[in-house]
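Hi,

Here is the structure I said I would pass on to you. Have a look at it first, and then read my notes below.

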Amino acid sequence: MKRYEIPDNIPGLKNLYNDIKIPEDLEGKEEYYYEVQKKPFCIQVFRKQTQEEIFSTCDNQLIFSDLYLEITTILPTKYIFGLGERNPTSLRLKKGQYTLYARDDPSILENNQLGNNVYGSHPMYLVKEKSGKFNVVFFKYSGAIDVINQETSLTFKSIGGIFNFKIFFGDKNPETAIKLYHQYLGGGYTNTPFWAFGSHQSRWGYKDSKKLIQVVKDYHDLHLPLDTIWSDIDHMIDKQTFSVNQELFKYEDYQYLQNQLNVSFVPIVDVAVGNTKYPKDEALLFGKQLDIFCYSPNTGRYFKGEVWPGNSWFPDFFHPQIGQFWSKMLKSLHQKTNYTGIWLDMNEPANFCHGECKYRHDFPKNQKSQYLHKKIDFPYTIGGGRKYINLDYKSLPTNLIHYGNYTHKDVHNLYGLLDMYHTHSTLKNQLNQKIPFVLSRSTFAGAGKYGQHWCGDNHSDWAFLKSSIPLIMQFNMFGIPFTGCDVCGFMGDTKKDLCQRWIQAATLQPFFRNHNNDQAQDQEFYSLGQEVYETARKNLRLRYSLLKFYFTAFIRNKGKGTVFRPLFFEFYNDIHTYEDIVMNEQYLIGKELMVTPVLYKNEDTANPYFPEIWNDFLSGQKYEQGWHTIKNNLTDFAPIFIRQGCLVQFQSNLALTTKQIDNSFSLVTSLVQGNKYRFKYDIFCYSEGNILNIEDYNNDDQVIKQCEGENNCIINVIVGLTFDKQLKVILEPPHQDTIIVNNLQIHSLYLYNVPVHYNINLENYRIELGPYPNNYFVDTGDWDIQNNGNYYVMSLK
């Protein structure tokens, strides 16, 4: 009997995993070698360079049966990260038991016990070896998995498939192994459109399109940036997916939102189709016509589930006609709303019954016996540590047979990924959205190739605020870096101080959306009082001033690597960056910026660790390496710091949408002394960073043509001081014949850490002293980049 492996012949899975054989000319040059023992059977994998054993199943139980597999490997150190999706209380995987199985189970925090799994499954982990090098291990199975972490060993228990492990050998920089893993996942993750980096407002409970318009106007009238308004299931007819109540949600209002208010619109799409209330519903009729719904293993007729519209049928994403169905319905929804992106929900898949519901609605009349399958008697209960006793809880039954004879127990975690693929494909290929935005609740390894993610139904409390930081770091490792958690929380009424701290902590998280449920209080930032409004106004302006830097950090990765990162990804030789409090409560954006939010109630200080030397991004105050106490009030800007030697582009215009952001920049520079550019540019003190050579960041055609694939739109920017008192700003395009775009302007510089002995002449009207010693503001407004070249010099004498 052929055992299950993730298929590679289904749209969405073809070429998703780069399983290649080692070319003959590279045989023997691998970074590893392995040994196999036959009696008892075990395998050991060693890193050649260090001779360290990094993966070994020896001296541990190994079980390989039809319905139960168990394998244990060693862990070289306790520094292991990954294995989601969970709402983590720690980035480092602590000693305990963890379940990987996509499940709609809101407001669950991990407690190191089985069954605290949520919306997706990512059976990969990053581990630090004794030598200090890192590797990534991926267990390629899309069914249910339990993982037991003993800190010296890791046990995997599954209910099918084979032992298919992929190991990616990195070096002492953890980013190296992560990039190899991302490359394996279909060549890397997709880009995200620029508008999606802005601020988003959503609410379950916006009852008509006039309310959507009013919310946008309220934001903009109060000078709160907002780029996207969202609609939960309120826009549907009796919560039927793909439908629009056009009496309440009018097409001309959607046009007004997008054309007059310049915001994007994103509606929610659920997977299951109601089968009772509206027998002439378009999705219901077309689904029946194509016969794309899942069949019941009990009756051989359509599987009976229940979700928001009541009695429902579930699309089978393995059916060859599913693309035709999904595409037609998404195009129909677009004709009614002109949406800019899609929000995929309930695609674990979520079901209100535990397995099949008991209502009477059998269709079609003729039974299909090939879908009949007896209930599976598992010898081991995956996730048995919580309230459910089997994997049917709130989902499809494990014995359901999908088209192609795939048993649901094996393919469950692919459901959301295939939903993402067909949505991405339709938006890109049929609706001409060149860089689609597909936000999905359920994900699996490789889903980043098709879209983005949010953390699901989090709770409005301090524990979920703290959990958001390691969770987003995990998804950067998983290959879905554009991830965020609903700001101020989704479930329950938020508190003012909690919401203020959440705004600060999320200011530089990739996806920033305020969203809450229909039973909670109003949660728009202007609805929670003057203090919350002030915190939001300041921090959203700060976010928008850095959006082009943030976008640049994503673009330069070329679909591989992290953006929202723990400190040890950059400072991997510093032992303090591996302390749990540092990994859980501080984060980097790229290599340039560090954010140290206050995450505790009734506290007004953070106590972060500073590897190397940093400056406060806004004031320039200098922080030496070590632990510091940072004062931060509830209405302050988030505590953000720039790393010495780096520069970051900053924009001070008061844009309310990304469409209003121009291409004029200040450069915030944290200077460091060194010889890197001494001989090339006669510079002894410098900072460096990147700017994109793009006229319009919202023009997806420009982004694709100039930045994706082999194209390179990254301009290296160097700001430095010479010994003879000259300030130099140099733009290094990717190629000598590259033409700098017409609208790029650099009008000012913030110079931090100017050497004490440098004695800049403050009588120069274009130079001002900053609030801290050795910090200066310099006006470069006369630099005509397009006509005067890529080189700017100012005398500081």
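Phenylalanine 352 is partly exposed, with a relative accessible area of 33%. Keep in mind as you read that this is a predicted model. What does the ring of phenylalanine 352 pair with? Its partner is tryptophan 308: the two ring centres are 5.0 Å apart and the planes sit at 85°, so the pair is edge-to-face. An angle over 60 degrees is what earns that label. Tryptophan 308 is partly exposed too, at 29% relative accessible area.

Now find the two rings along the chain. Tryptophan 308 is in the loop between strand S17 (305-307) and strand S18 (310-313), while phenylalanine 352 is in the loop between strand S19 (342-345) and strand S20 (401-402), so the pair ties together parts that are 44 residues apart in sequence.

There is plenty more of this kind to look at, as the structure holds 77 aromatic pairs. Another one of them is tyrosine 254 with phenylalanine 265, whose ring centres are 4.5 Å apart and whose planes meet at 40°, so this pair is tilted. Tyrosine 254 belongs to helix H3 (residues 251-259) and phenylalanine 265 to strand S15 (residues 264-270), with their positions 11 residues apart in the numbering. Are these two buried or exposed? Both tyrosine 254 and phenylalanine 265 are buried.

The loop between S19 and S20 comes up again, since proline 364 is found there. The bond joining phenylalanine 363 to proline 364 is a cis peptide bond, with omega about -10°. A cis bond also runs from lysine 39 to proline 40, with omega near -10°. Look for proline 40 in the loop between strand S1 (32-38) and strand S2 (41-47).

While you are checking the backbone, try two asparagines. Asparagine 602 has a phi near 65°, which is a positive value in a residue other than glycine. Its loop runs between strand S28 (593-595) and strand S29 (605-606), and asparagine 602 is exposed, with a relative accessible area of 69%. Asparagine 774 has a positive phi as well, about 70°, although it is not a glycine. You will find asparagine 774 in the loop between strand S43 (767-769) and strand S44 (776-779). At 24% relative accessibility, asparagine 774 counts as partly exposed.

Next, the second largest pocket. Its volume is about 560 Å³, and 27 residues line it. Which of them lie nearest its centre? Those are Tyr189, Thr190, Lys428, Lys449 and Glu708. Helix H7 (415-429) and helix H14 (700-707) are the elements that give two or more residues to the lining, and H7 gives the most, with 5 residues. Sorted by class, the lining has 12 polar, 9 nonpolar and 6 charged residues.

Why does this pocket lie between domain 2 and domain 4? Domain 2 (195-359 + 366-552) and domain 4 (646-796) both give residues to its lining, so the pocket lies between them.

One last thing, from the records: an unreviewed UniProt entry annotates residues 562-646 as "domain: Glycosyl hydrolase family 31 C-terminal". In the model, the end C-alpha atoms of residues 562-646 lie 18 Å apart, and the span is 7% helix and 29% strand.

Write back if anything is unclear!

Conventions
Residues are numbered from 1 along each chain as its sequence is written. This is a predicted model: local features need pLDDT of at least 70, side-chain atom pairs count only at pLDDT 80 or more; totals for chains, interfaces and linings use all residues. Side-chain values use heavy atoms; hydrogens and water are left out. On a 1 Å grid over the protein atoms alone, a cavity is a set of points where a 1.4 Å probe fits but cannot get out, and a pocket is an open set with protein on both sides within 12 Å along at least five of seven lines; lining residues have an atom within 4 Å of a point. Grid points are joined across faces, edges and corners, and a volume is the space filled by probe spheres set on the points. Helices (H or I, at least four residues) and strands (E, at least two) are DSSP runs, numbered from the N terminus. Ala, Val, Leu, Ile, Met, Phe, Trp, Tyr, Cys and Pro count as nonpolar, Asp, Glu, Lys and Arg as charged, and the others, Gly among them, as polar. Domain bounds come from an automatic or database domain assignment. UniProt positions are given in the numbering used here, feature names are shortened, and annotations may be inferred rather than shown by experiment. Rings of Phe, Tyr and Trp (its six-membered ring) pair if their centres lie within 6.5 Å; planes under 30 degrees apart count as stacked, over 60 as edge-to-face and the rest as tilted. Buried means under 20% relative accessible area, exposed over 50%, partly exposed in between (1.4 Å probe, protein chains only).
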